[in-house]
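User: I would like a close look at one buried spot and what surrounds it. Please take it from there through the rest of the model.

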Amino acid sequence: MKYDDKHLTGKVAWVTGSSRGIGRVIADHLASVGAKVAVHGTGPYSTRAFGEAESLAAVAEAIAEAHGVQTVAVHGDLSDAAAVADLAGQVERALGPIDILVNCAGGDVGAKGTSAPQAGKPEGNDAIHISLADIKAVLDRNLLTCIYCCRQVVPGMIERQSGWVVNIGSIAGLQGIEGSAIYATAKAAVHEYTRCLAVVGRPHDVHVNAIAPGDTYTARFANSRPIEEERMAKDGDLSRYGWPIEVAQAVEYLASEASSYVTGQVLRVDGGKQMWPA
């Protein structure tokens, strides 16, 4: 399908977890192709965790100024269903009905939050030794946030007979791994929830897909592990790190008419790190 550079003009996109990192780049990229964008963070200053911006409001203002689109900043705990309902209402009152939902909120972050060592990665981070508090925190942050937002937004899409949902999973959810086991479990559940929701949306022209990024360089990524300098190349070698814009471009595809006959899929964006069937 052919479309111009502003092919999402008139669409409203809510990108959760977009105060920083991959989510922020997704929000900016969707705005660059014309969408009105709601940026979201847990709090008004969650942008400061790794020094990416002064505030959530500043992120929204920068996106609006750069691309000439309407934006709104909303903040709250997406693992609270009542808060999700309130936030969705704020987005729709400011921008209109939500056409595109990108569930990017998540991360392998335990109960102590991103200020803990290794940018919040739980201690004893395997299938047995992780604490119960961290299990709940990781599942809430990655799985329940996705489910609650979809439950709130997708019924309106079904009613309008149009919509695009892109859930951000992970290649960690496509294999057994020693570390980050509960994060991997949560992302595997996000992938399966995506398929189940796609079945519900299919008769109503509501597209539901997931993206499974590989090792993608962000400020939090850099603070959570040793960085392999040889993988910092921007191109020329697909064993390099990925960059947030590469995930954002895949989101654009799955949130547009370019993917008009695609639903229920999990798309790896990992430079070929995983080569086996999903």
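Analyst: Arg 231 counts as buried because its relative accessibility is 14%, under the 20% limit (over 50% is exposed, in between is partly exposed; 1.4 Å probe, protein chains only). The model is predicted: local features need pLDDT of at least 70, side-chain atom pairs count only at pLDDT 80 or more, and totals for chains, interfaces and linings use all residues. Residues are numbered from 1 along each chain as its sequence is written, and side-chain values use heavy atoms, with hydrogens and water left out.

Arg 231 sits in the loop between α6 and α7 (244-254); helices (H or I, at least four residues) and strands (E, at least two) are DSSP runs numbered from the N terminus. Leaving aside residues up to four places away in sequence, Arg 231 touches Asp 215, Ser 239, Arg 240 and Tyr 241. A contact here is a pair of heavy atoms within 4.5 Å.

Two of those partners lead on to a pocket. Of the 17 residues lining the second largest pocket, Arg 240, Tyr 241, Gly 242, Asp 270 and Gly 271 are the closest to its centre. A pocket is an open set of points on a 1 Å grid over the protein atoms alone where a 1.4 Å probe fits, with protein on both sides within 12 Å along at least five of seven lines; lining residues have an atom within 4 Å of a point. The volume of the second largest pocket is about 220 Å³, counted as the space filled by probe spheres set on the points. Five of its lining residues are nonpolar, six polar and six charged. Asp, Glu, Lys and Arg count as charged; Ala, Val, Leu, Ile, Met, Phe, Trp, Tyr, Cys and Pro as nonpolar; the others, Gly among them, as polar.

The largest pocket holds about 1200 Å³ of space. Its lining has 48 residues, and the closest to its centre are Gly 106, Gly 107, Asp 108, Tyr 183 and Arg 220. By class, that lining has 13 nonpolar, 23 polar and twelve charged residues. At least two lining residues come from each of α1 (21-32), β2 (36-41), α4 (132-160), α5 (181-201) and α6 (219-223). The largest share is that of α4, with four residues.

Now α4 itself. It has 29 residues and reaches 41 Å from its first C-alpha to its last, close to the expected 42 Å; the expected span is 1.5 Å times one less than the number of residues. At Asp 140, α4 bends by about 40 degrees, the angle between axes fitted to the seven residues ending there and the seven starting there.

Just after α4 comes Gln 161, with a positive phi of about 60 degrees. Gln 161 is not a glycine. It lies in the loop between α4 and β5 (163-168). Its relative accessibility is 39%, so Gln 161 is partly exposed.

Ser 180 also has a positive phi without being a glycine, near 55 degrees. Ser 180 is in the loop between β5 and α5. With a relative accessible area of 14%, Ser 180 is buried.

One more site sits in helix α3 (residues 81-95): Glu 92. Glu 92 is partly exposed, because its relative accessible area is 37%. Not counting residues up to four places away in sequence, Glu 92 touches Pro 97 and Ile 98. The C-alpha atoms of Glu 92 and Ala 233 are separated by 40 Å, with the two residues 141 apart along the chain.
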